[in-house]
Amino acid sequence: MDLFSQLILVILVTSFLSFQWLFHRVSPWVSPRASPGFLRLADQQKVEWNSRTVSTLHALVVGFFCLYILLFDDAVNEDPVWGDPTLVKINVGMTTGYLISDLLLIFYYWKAIGDKFFVVHHLAALYAYYYVLGQGMLPYFANFRLLAEFSTPCVNQRWFFEVLGYPKSSKPNIANGMAMALVFFLVRIAVMPLYYSRMWSVYGTEAFYRVPPEGRAAWIISSVSLDVMNVMWMHKIARGCYKVMCSARRHKVETRDNGKTD
């Protein structure tokens with residue numbers, strides 16, 4: 001194992017241990033001080049709260065690193081299949097550590113946070129990232145996928161508002177819901193044509209055929225699987241957003257009518 005591969009392994013293990021520490025120690029200590037409502041939650045809700053807190057931190061760190069690579073890493077952007085994967089490997093290493101950590105927590109606390117879709121999502125991502133970390137292939141596409149993390153904080157914040165008892169028609173909830181739907185659409189749905197057009201542009205090239213068949217299968221299968229789930233989640237988010245907006249509109253009309261009656 002070369003020196004850089006050892007460094008990536010250290011990053012992966014450090015990431016895993018760090019997210020475990022954040023879940024078991026940091027979030028339980030910080031959360032009641034940041035939001036007293038945390039103390040009123042049931043034990044299973046506290047587990048999910050800590051899980052979502054860690055998820056948000058991971059999403060922000062990895063998301064901004066991903067954006068930096070997309071904007072400034074010329075080697076990866078010029079050769080999306082075999083470009084220098086150094087920065088991408090570091091980012092994917094951090095994400096792999098998080099995914100393994102989160103999978104273990106999902107299985108251990110299945111009654112609180114168990115979700116078959118998340119298990120499939122994590123396994124599909126890990127399957128693809130194995131080829132990135134092990135063979136340095138497809139760095140552009142692996143990094144591009146991490147753009148999706150920008151939608152995670154809003155999704156988690158929606159759950160935080162819900163368990164803290166914020167009405168769905170409250171302004172913070174509506175604002176977060178609108179932001180969640182917009183960001184989710186931009187980073188998971190609207191970017192699909194760009195992602196698949198870049199995939200098509202390298203199809204059939206020498207660089208494409210240098211990727212072993214199992215690597216191509218991992219790339220294509222994981223991409224399609226993740227996007228099918230993204231479309232399903234987008235549909236649920238859009239429906240929820242529409243219901244909240246209709247509820248808020250009805251509440252506004254009723255309040256106005258009651259004011260006129262008085």
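A salt bridge is a side-chain nitrogen of Lys or Arg within 4 Å of a carboxyl oxygen of Asp or Glu. By that yardstick, the structure holds two salt bridges. The model is a predicted one, and both bridges come up again below.

First, the overall layout. The chain turns out to be built from 12 helices, with zero strands. Reading from the N terminus, the run of elements is simply α-α-α-α-α-α-α-α-α-α-α-α. Along its principal axes, the C-alpha trace spans about 75 × 40 × 30 Å. Of the 262 residues in the chain, 47% are buried.

Next come the stretches named in a database record. UniProt, in an unreviewed entry, puts the feature "transmembrane region" at residues 6–23, 54–72, 92–110, 117–133 and 174–196. One of these, residues 6–23, is 100% helix and 0% strand in the model, and its end C-alpha atoms lie 26 Å apart. Residues 174–196 come out at 91% helix and 0% strand, with 33 Å between the end C-alpha atoms. The unreviewed UniProt entry also lists "domain: TLC" for residues 44–246. That span is 83% helix and 0% strand in the model, and its end C-alpha atoms sit 31 Å apart.

Back to the salt bridges. Side chains of opposite charge can pair when their charged atoms come close. In one bridge, Glu48 teams up with Arg52, and the closest N and O atoms are 2.9 Å apart. Both Glu48 and Arg52 belong to helix α2, where they are four residues apart, or about one turn of the helix. Arg52 counts as buried because its relative accessibility is 18%, and buried means under 20%. Glu48 is buried too. As for a more distant part of the sequence, Ala179 is 127 residues along the chain from Arg52, and the C-alpha atoms of Arg52 and Ala179 are separated by 18 Å.

The other bridge joins the side chains of Asp227 and Arg145, at 2.7 Å from N to O. This pair ties together distant parts of the chain: Asp227 is in helix α12 (residues 213–261) and Arg145 is in helix α7, 82 residues apart. Asp227 and Arg145 are both buried. Arg145 has another contact as well, since its charged end sits over the ring of Tyr195, 4.3 Å from the ring centre.

That ring leads on to the aromatic residues. A search of the whole structure finds 24 aromatic pairs. One of them is made by Tyr68 and Phe72, a tilted pair with 5.2 Å from centre to centre and 45° between the planes. Tyr68 and Phe72 both lie in helix α2, four residues apart, which is about one turn of the helix. How much of each is left uncovered? Tyr68 has a relative accessibility of 43%, so Tyr68 counts as partly exposed. Phe72, with a relative accessible area of 54%, is exposed.

A further tilted pair is formed by Phe144 and Tyr195, whose ring centres are 5.6 Å apart and whose planes meet at 50°. Here the partners come from distant parts of the chain: Phe144 sits in helix α7 (residues 139–145) and Tyr195 in helix α10 (residues 192–202), 51 residues apart. Phe144 counts as buried because its relative accessibility is 5%. Tyr195 is buried as well, at 3%.

Phe144 and Tyr195 also belong to one aromatic cluster, along with Tyr140, Phe141, Tyr196, Trp200, Tyr203, Phe208, Tyr209 and Trp219. A charged residue lies over a ring of this cluster too: Arg198 is over the face of Tyr140, at 4.5 Å from the ring centre.

Finally, there is a nonpolar patch on the surface. Leu60, Phe64, Leu67, Tyr68, Leu71 and Phe72 form this patch, and together they have about 610 Å² of accessible area. Tyr68 and Phe72 are thus familiar members, having already appeared as a tilted aromatic pair. Tyr68 is found in helix α2, which covers residues 43–72. Arg52 is found in helix α2 as well, but Arg52 is buried, whereas Phe72 is exposed.

Notes:
Residues are numbered from 1 along each chain as its sequence is written. This is a predicted model: local features need pLDDT of at least 70, side-chain atom pairs count only at pLDDT 80 or more; totals for chains, interfaces and linings use all residues. Side-chain values use heavy atoms; hydrogens and water are left out. Patches are made of residues with over 30% relative accessible area and no salt bridge: like charges are joined within 9 Å, nonpolar side chains (Val, Leu, Ile, Met, Phe, Trp, Tyr) within 5 Å. Accessible areas come from the Shrake-Rupley method with a 1.4 Å probe; for residues, only the protein chains shown count as cover. Helices (H or I, at least four residues) and strands (E, at least two) are DSSP runs, numbered from the N terminus. Rings of Phe, Tyr and Trp (its six-membered ring) pair if their centres lie within 6.5 Å; planes under 30 degrees apart count as stacked, over 60 as edge-to-face and the rest as tilted. Buried means under 20% relative accessible area, exposed over 50%, partly exposed in between (1.4 Å probe, protein chains only). A charge sits over a ring if NZ of Lys or CZ of Arg is within 6 Å of the ring centre and within 35 degrees of the ring normal. UniProt positions are given in the numbering used here, feature names are shortened, and annotations may be inferred rather than shown by experiment.
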